[in-house]
Amino acid sequence: MNTVVSIIIAIVIFCVIIIVHEFGHFFVAKLCGVRVDEFAIGMGPAIFRKQGRETLFTVRLFPIGGFCSMGEDEDREDPNSFRKKPVAAKMAVIVAGAFMNIVLGFIIVLISFIVSGKGISSTIVYFADDAVSPGYGLQLNDTITEINGVKIFTARDITYQLSSDEDGIVDFTVKRNGEKVELKDVHFPMTVDEETGKQTLMYDFKVMSEKITLKNIIPYTAKSTVYYARVVLMSLKDLITGKYGINDLQGPVGIVSTIGTTVAAAGFDWDFILQMAALITINIGIFNLLPIPALDGGRFVLLIVEAVRRKTMKAEVEGMIHFVGFALLLVLMFVVTFNDIKNLFV
């Protein structure tokens, strides 16, 4: 596929994800009677404006974000202002964006299964001729339910857990003939990258694929959505614990570049494009719920404090908290974007 077309697809995916996120805030705000001053797609100077009865709708120059302005950090006399509403209503408005990202992820995964027409289970149907794992207890028709104590939902979970293993010795829990069977210390061969010295586990079995039907499409979709959410959470954990550094982060520039590159390499594969879009929207939803000032999660934490105190925090104080958080996020975004641009040329 032409690289330019791939990048355009990537930008469209990113914009749709942001629009859905902000629409979640907008829709629930309207349901709760909250006045919305502006609904914006993109950042920077406005290139399109449309004044609604109450809300100004804008499209801005840079397609790297968006916002739904409700005067969250301003004290107003208007009874429909955000700060005048009950805590429960404000909480609903704040989490609506992330919730819509998760819902969008579910819908995208559902469409991807319709497009591909098949799902991949966690049931073993094949061993390589030189497979060593059967000697440690794995058998054909075993359904893998846990690896190293981590619950398995999809075949991608199996790949993720085994590729993350560092010593080639793995604990399995399988379902065999309707019974739970625990297999300790199953061994797999390891390969070593000559340049980096990194070891990678080579698993020696394949799992069963099956046709998507009305009966199994929802379970497959739900499990895949959980898988993507858990991958995001595990990645955040690895970032916090130092397994990954700040140079491993990607911002909008890096995301668009990565999507464009991988889509170009994979060809016009709708299933692949949809799966990547699902991962990104779920990622954005979860990231926004982190308890960091200026993010939805940070605002939600302050609303919890407000609910406990039964008193609204002063607008100046709340605004300053979010200003500091936003400034730190801008610094982080600058560093990440710098790395993204640098990686485009290196």
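The following exercises, each with a worked solution, concern helices, loops and individual residues of a predicted model.

Residues are numbered from 1 along each chain as its sequence is written, and side-chain values use heavy atoms, with hydrogens and water left out. Because the model is predicted, local features need pLDDT of at least 70 and side-chain atom pairs count only at pLDDT 80 or more, while totals for chains, interfaces and linings use all residues.

**Exercise 1. Compare the expected span of helix 2 with the distance between its end C-alpha atoms, and locate its kink.**

Step 1. Helices (H or I, at least four residues) and strands (E, at least two) are DSSP runs, numbered from the N terminus. Helix 2 covers residues 87–116, which is 30 residues.

Step 2. The expected span is 1.5 Å times one less than the number of residues. For helix 2 this gives 44 Å, and the end C-alpha atoms are 44 Å apart, so the two values agree.

Step 3. The bend at a residue is the angle between axes fitted to the seven residues ending there and the seven starting there. In helix 2 a kink of about 40° is centred on alanine 96.

Step 4. Just after the helix, glycine 117 has a positive phi of about 75°.

**Exercise 2. Describe how helix 4 packs against helix 2 and against helix 3.**

Step 1. Axes are lines fitted to C-alpha atoms, for helices over the stretch in contact, and angles run from 0 to 180 degrees between N-to-C directions. Helix 2 and helix 4 (residues 217–241) pack at about 130°, their axes being 9 Å apart. Helix 2 is therefore oblique to helix 4, since angles under 35 degrees count as roughly parallel, over 145 as roughly antiparallel, 65 to 115 as roughly perpendicular and the rest as oblique.

Step 2. Contact means heavy atoms within 4.5 Å. The residues that make this contact include Phe106, Val109 and Phe113 of helix 2 and Tyr220, Thr221 and Tyr228 of helix 4.

Step 3. Helix 3 (residues 155–164) meets helix 4 at about 20°, with the axes 10 Å apart. This angle makes helix 3 roughly parallel to helix 4. Among the residues in contact are Asp157 and Tyr160 of helix 3 and Tyr227, Tyr228 and Arg230 of helix 4.

**Exercise 3. Determine whether serine 112, aspartate 157 and isoleucine 286 are buried or exposed, and list their contacts beyond four places in sequence.**

Step 1. Buried means under 20% relative accessible area, exposed over 50%, and partly exposed in between (1.4 Å probe, protein chains only).

Step 2. Serine 112, in helix 2, is buried at 0%. It is in contact with Asp271, Leu274 and Gln275.

Step 3. Aspartate 157, in helix 3, is buried at 2%. Its contacts are Ile152, Tyr227 and Arg230.

Step 4. Isoleucine 286 belongs to helix 6 and is buried at 12%. It is in contact with Ile102, Ala229, Val232, Leu233 and Leu236. Isoleucine 286 and phenylalanine 99 are 187 residues apart in sequence, yet 8.9 Å apart in space, C-alpha to C-alpha.

**Exercise 4. State where asparagine 177 and alanine 294 lie, and give their phi and accessibility.**

Step 1. Asparagine 177 is in the loop between strand 6 (169–176) and strand 7 (179–187). Its phi is near 55°, a positive value in a residue other than glycine. With a relative accessible area of 77%, asparagine 177 is exposed.

Step 2. Alanine 294 is in the loop between helix 6 (270–288) and helix 7 (296–309). Its phi, near 85°, is a positive value in a residue other than glycine. At 23% relative accessibility, alanine 294 is partly exposed.
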